[in-house]
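This report describes one protein model, moving from single residues to the whole chain. Please read it alongside the sequence and the coordinates.

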Amino acid sequence: MLLNNIRLKNYRKFRDEFIEFPRGILGIIGRNGVGKSTIFEAIGWALYGSVMSRSGKDEIKSQNAPEGEICRAELEFSLGGHNYKIVRELQGKSPLSRAFVFIDGSNLPEVARDSEVNKYVEKLLGMDYVTFMRSVYAKQKELASLSILTRAERQKVIRRMLNIDKIDLAVDAIRTDKRDKQEFIRGIEFKLEDMKKLKQQQNNTTKEIEGLKEKIDTLEIKRTRLEKKKGRTRKSRDKQEVLYKKHNEIKNSISKLSSKLEGLTQRKNELLKEEQKLKKEKQTLATLEPKEELYEKKKRQKEAMDELRLRHNRKNDLKRSVKQKQREIKTQNRLIKETQNRLLPLKDIDRKYKKAQKDLKEIKRKKMILDRDTKEIIKKESVFKSKIEELSEKKDEISSLGPNSKCPVCFRRLGKTHKDILNHFEKEITKIKGEYQKIRNIKGKLASQEKQIKDNEARLEKHKDALNKKLARKSGLEAKLRNQKQELSKATTKLAKEKSELKSLVHVKFNDVQYKKLKTELESLSKIRDEIIRLRKDVSRLPQVLQDGKINSKAIAAQEKELKTQKKALAELKFDEGKYEKTKRTFEQVSDDLSGCETNLEKEEGNLKVKDRELKTIKDKITEQKTYRVKIKSTQTDIQYLERLESLMSDFRNELINRIRPLLTARASYLFRELTDDRYPLIELDEDYNIYIVDENQKYGLKRYSGGEEDLANLCLRIAMSQVIGERSGAEINFMALDEIFGSQDESRRINILNAFNKLTNQFAQIILITHIDTIREKLPYVLRIEENSNKESHAQFE
Ligand SMILES: Nc1ncnc2c1ncn2[C@@H]1O[C@H](COP(=O)(O)OP(=O)(O)OP(=O)(O)O)[C@@H](O)[C@H]1O
Ligand SMILES: [Mg+2]
C-alpha cells in the first residue's frame, strides 16, 4: 500500500488542503499544535471512520467552518495494481457520516455505505484499525515504554501490539467457561437423590394404589346394593307416610269437631240458664207494674210542690231584701246630707278664685309698668352720672392746663376765659347734679313701690293656691254627692219593684213537712220504677234467647252426626303406628348405610387421587434425576473438551511467542546493524522482551549503552514489530509514519537516525517523519511545512 494524496475539507485546523505524498522520506514539520498529527489521523479516519478519530465525530469539523459546509477527507492510495479513492464526510449538526469507495478513477462508487466501507477496507488491507495503527504508526511514547516498563507490563504491551493478547483473552474465556461448567455440575450434584430409594417409593405407591382401587370396587358394589334396598324401603315408607298423614288429618278433624261440640253444649247450658232467669224476671215485673201509676201521680204532686216551694222561697228572699234596701236608703240619705253640709262653706269659692286671679293679673300689670319705669330711671341715672363725670374730667383738665393753654376747639390762648370756662363747667355740674338727685329720689320711691307690689303678689299667689285646693275639694265633694244620689235613686227604684213583687206573693203558703214526706215516698217509688224499666229491658230479650236455643240445638245435632262419620272413617283406616315407625326406621337405617358407604367411597377416591399425584411426583423426580445425570455427563464431556482446548491454546500462544521472538530478533538486529553501520551486529531479546546488544561477541543489557543507542535499539524493535504485524496480516504495507520519535536525541544522533532511515527505504517505500524540530529539514528530501495563519487555520506547503 502506498499513499498518493489526501484532500481535507474543513477537517480540524485545515479548511481546504490538498497534500501529495511522495515516495521516500517525507518530513512533516511545524510548531506544536499546528496540525501535523492531524494529517495522519485524517488518513486513518478516511480508512476506518470515527474509531480512528481522537475525539467524538461532532468535534472533527473545523471550528471556523460555516454552518452549512461539509467536513470531508478524500484519500487516494495504490494497492495491488489498483488506485483507490475513499471519500468520507460528515454533514449536519449532529453529523451524519457518509463514505464511498471509488476504484481506478471510476465515478461510480464501489461501496457507498458508511459501515460497508469500513468492512471493505478491513478486508482490502487484511487488518482491522488497531492492527493498522500498530503496524504503520509509531509514537515516541511507545518507544520509551519498551525500556521503561516492568517485565509484566512490557510483556503485556508487546503481546497487545502483536495481537497475542487475544489468545490470552481466549484462554481466560475458556477457563471461565470451564469454571462455570464445573460450578453447574456442583449445583446439579447437590440436587441428586438416591435413585434406588426413589424406585422403591414408586413400587410402594403403585401397590398402595392397587389396594385402594380394590377397596373402591368393593365399596361401589356395596353402594349399588344399598341403593336398590333404599328404593324398596322408600316405597313402603311412602305408603305408610300417606296412611299416617290421612290418620292425622281425620284425628285433627275429630278433635276440632269435639271442641266445637263442647262449645255448642256450653252455649246450650248458658242459654237455658238465661231463659230461666228471664222467665223469673217476667213474673216479678207483673207484680211491680201496678205501682208505676202511683209513682206518676206522686211525681206530679211533687212537681207542683216544687213550684210552690220556689215561690215561697222567693217571697222570703224579697222580704229580707226590702228590709235591707230600706236600711240602705236611710243610710244613703244621711250621707247625702253630710256631703251637702260639707259643700256649704265652699259655695262662693269659684267667685273668690276668679277675683284672686283678676287681682293677681292687675298686680302683674302694675309690676310690669314699674319695671319699665325703673329701667328708664336707671338709664337716666347712668346718663347723668356719666355726664357729671365727663364735665368734671373736662373741668379738671382745663383747670390743670391753666389760663396759658390753647383752646382745644379754636386753638386760641384761653387767658381770661379760663376762669369763665371753669365757672361755666361748675354751674353745669351743679345743675346736672340737682337733676341727678331728683332722679335718685324717684328711683328710691320706685324701689319701695316695687317691694310693696312684690309682697302683694306673693300674698295673692298664696291666696290663689289655697283657693285652688278648695276648688279641687269642692269638685270632689260634688262628684261624691252625684254618686250618692244615683245610688239612692237606684235603691229606691229596686225597693219599689220588690215591694210590688212581694205584694203578688202575699198569698203563697208552703207546707214543708208535707213536702218532705212526699219526697221520701217518691224516692222509694222511683227505685221501683227503675227496677221496672230494667226488668222490661231484660224481658224483651226472652224471644231472642228462645230462638238462639233452637238454633244451637240444631247445630249440636249436625256436629254429632259429622263426628260419628269421622270416627267411623278413622276405624276403617286401620292405621298401625308401630308398623309406621318400623318402616320409617328401616328406611332411615338403609339411607344412613348408603351415605356412610358413599362417604367411604369418596374418602378412598380422595386417597387414590393423592396417591396418584404422589406417584406422578415420584415419576417426575425420577425423570428429572435421569436428566440431571445426562446433563452432568454431557457437561463433564464439555469440560474435558475445554481442558483440551485450554492446553491447546496455551501451547499455541507459547508457540507463537517462541516463533515471533526469533523473528523480532532477526528483524531488529538487521535494522540495528544497518542503522549503526555494522557497529553492532546483533540485538537479542529474552523471554521477557528485555533487549540485549551484542558487542564484541558479548551481549549486554541496554543500560551499558548510551541514551541514543538505547533509543535506536528501541526504534529498531518497534519497526521490527511493525514489520512482523504487517507480515502476519498478509497485507503489503509499504509505508510507515513516525510521530515525534526524536525525543532525547541530540543533533548528531538525529542525523544518524535520518541517515539510517535513508537505508530503510528499500524496506519502506514511504516513510513519514512528523516532527517539530526545524533543523532536520536540511537532511530530508521532501519537507512539508505546516503553518498557521492569523485565523488559526493551518496550511501545508512543500519547501
Ligand atoms: N475541529 C477543530 N477545529 C479547529 N482546530 C482543531 C479542531 N480539532 C482540534 N483542533 C486543534 O488542532 C490542534 C492539534 O493538532 P495536532 O495534534 O495535529 O498538532 P501537532 O502539530 O501534531 O502538535 P504537536 O507538535 O504538539 O504534536 C490543536 O491546537 C487543536 O486545538
Ligand atoms: Mg502531534
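Lysine 792 counts as exposed, at 57% relative accessibility. Buried means under 20% relative accessible area, exposed over 50%, and partly exposed in between, with a 1.4 Å probe and protein chains only. Lysine 792 lies in the loop between β13 and β14, and its phi is near 65 degrees, a positive value in a residue other than glycine. Helices (H or I, at least four residues) and strands (E, at least two) are DSSP runs, numbered from the N terminus.

The model is predicted: local features need pLDDT of at least 70, side-chain atom pairs count only at pLDDT 80 or more, and totals for chains, interfaces and linings use all residues. Residues are numbered from 1 along each chain as its sequence is written, chains are lettered from A and ligands numbered from 1 in the order in which they are written, and side-chain values use heavy atoms, with hydrogens and water left out.

**The loop between β13 and β14, and its surroundings**

Glutamate 793 is also found in the loop between β13 (782-788) and β14 (794-798). Unlike the exposed lysine 792, glutamate 793 is buried, because its relative accessible area is 12%. Leaving out residues up to four places away in sequence, glutamate 793 touches Lys13, Arg15, Asn64, Glu787 and Glu788; contact here means heavy atoms within 4.5 Å.

One of these partners, asparagine 64, sits in the loop between α1 (36-48) and β4 (71-79). With 40% relative accessibility, asparagine 64 counts as partly exposed. Beyond its neighbours up to four places away, asparagine 64 touches Arg15, Asn791 and Glu793. Its C-alpha lies 8.6 Å from that of lysine 13, and the two residues are 51 residues apart in sequence.

**Two further residues with positive phi**

Glutamate 740 is not a glycine, yet has a positive phi of about 50 degrees. Its place is the loop between β11 (735-739) and α15 (747-760), and at 21% relative accessibility it counts as partly exposed. Asparagine 163, which follows α5, has a positive phi near 65 degrees. Within helix α5 itself (residues 151-161), the buried residues include Arg154, Gln155, Val157, Ile158, Arg159 and Met161.

**Residues in helices α7, α8 and α13**

What is the burial class of glutamate 292? Glutamate 292 is buried, since its relative accessible area is 19%. This residue belongs to helix α8 (residues 291-343). Its contacts, not counting residues up to four places away in sequence, are Arg529, Ile532 and Arg536.

Glycine 263 lies in helix α7 (residues 195-288) and is partly exposed, with a relative accessible area of 35%. Its C-alpha atom and that of isoleucine 556 are separated by 9.5 Å, although their positions lie 293 residues apart along the chain.

Arginine 673 is placed in helix α13 (residues 577-675). It is partly exposed, at a relative accessible area of 29%. Neighbours within four places in sequence aside, arginine 673 is in contact with Asp678, Tyr680 and Pro681. The C-alpha atoms of arginine 673 and glutamate 17 are separated by 40 Å, and these residues are 656 residues apart along the chain.

The C-alpha separations are listed together here.

| Residue pair | Separation along the chain | C-alpha distance |
|---|---|---|
| Asparagine 64 and lysine 13 | 51 residues | 8.6 Å |
| Glycine 263 and isoleucine 556 | 293 residues | 9.5 Å |
| Arginine 673 and glutamate 17 | 656 residues | 40 Å |

**The whole chain**

The protein has 15 helices and 14 strands. Its domain assignment gives domain 1 (2-161 + 676-798) and domain 2 (323-504), with bounds taken from an automatic or database domain assignment. The C-alpha centres of the two domains lie 153 Å apart.

The radius of gyration of the protein is 83 Å, whereas a compact globule of 799 residues would have one near 28 Å. That radius is taken over C-alpha atoms, and the globule rule is 2.2 Å times the number of residues to the power 0.38. Along the principal axes, the C-alpha atoms fill a box of roughly 200 × 190 × 55 Å.

Of the 799 residues, 37% count as buried. Among contacts with a separation of 6 or more, 75% come from residues 24 or more positions apart.
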